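Got your viewer open? Here is a short tour of what to select, stop by stop.

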Amino acid sequence: RLLAFHRQDHTIKERLVQSSTIIAFMNELKDIIDRIAVLRSTASPALPPADSMQTIVDELEGVGWENVVRLDEGFRSVCLSLHDAHGRQHNLELEFTADFPAAAPRCRA
């Protein structure tokens, strides 16, 4: 499945034909799998559905972009800076779950 995901069939067949021994082929195969694993581990996570991202943007517009400290590029979390009645600053971290907006985000102060 790992190999099919990256469509390495042609490369693997080519390496099999070029390898002089089964050990040499197994070493080549291991190198290919290692490179694919590195690529998969550094790939960015999938973005949430467009309607969920639009809901987040709409809510942030309501709160005010000036209060947004950080919004991760995957739209999975946002940090807001809010001031209470006494002028004290509070940071609020919101983490959006996969079922947002049906489920409320998790909050940490």
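How exposed is Glu95? Select Glu95: this residue is partly exposed, because its relative accessible area is 32%, and the label covers values between buried (under 20%) and exposed (over 50%), with a 1.4 Å probe and protein chains only. Before moving on, note that this is a predicted model, where local features need pLDDT of at least 70, side-chain atom pairs count only at pLDDT 80 or more, and totals for chains, interfaces and linings use all residues. Numbering runs from 1 along each chain as its sequence is written, and side-chain values use heavy atoms, leaving out hydrogens and water.

Now add Arg106: its side chain meets that of Glu95 in a salt bridge, 2.8 Å from N to O (a Lys or Arg side-chain nitrogen within 4 Å of an Asp or Glu carboxyl oxygen). This pair links distant parts of the chain, eleven residues apart, from strand S3 to strand S4 (residues 106-108); strands are DSSP E runs of at least two residues, and helices H or I runs of at least four, numbered from the N terminus.

Next, pick Arg70 and Glu93, whose closest N and O atoms are 2.7 Å apart in another salt bridge. Arg70 sits in strand S1 (residues 68-71) and Glu93 in strand S3 (residues 89-95), 23 residues apart. Buried or exposed, Glu93? Buried, at 14%.

Then try Asp84 and Arg88, a salt bridge at 2.8 Å. The count comes to three salt bridges.

Last stop: Met26, in helix H3 (residues 22-42).
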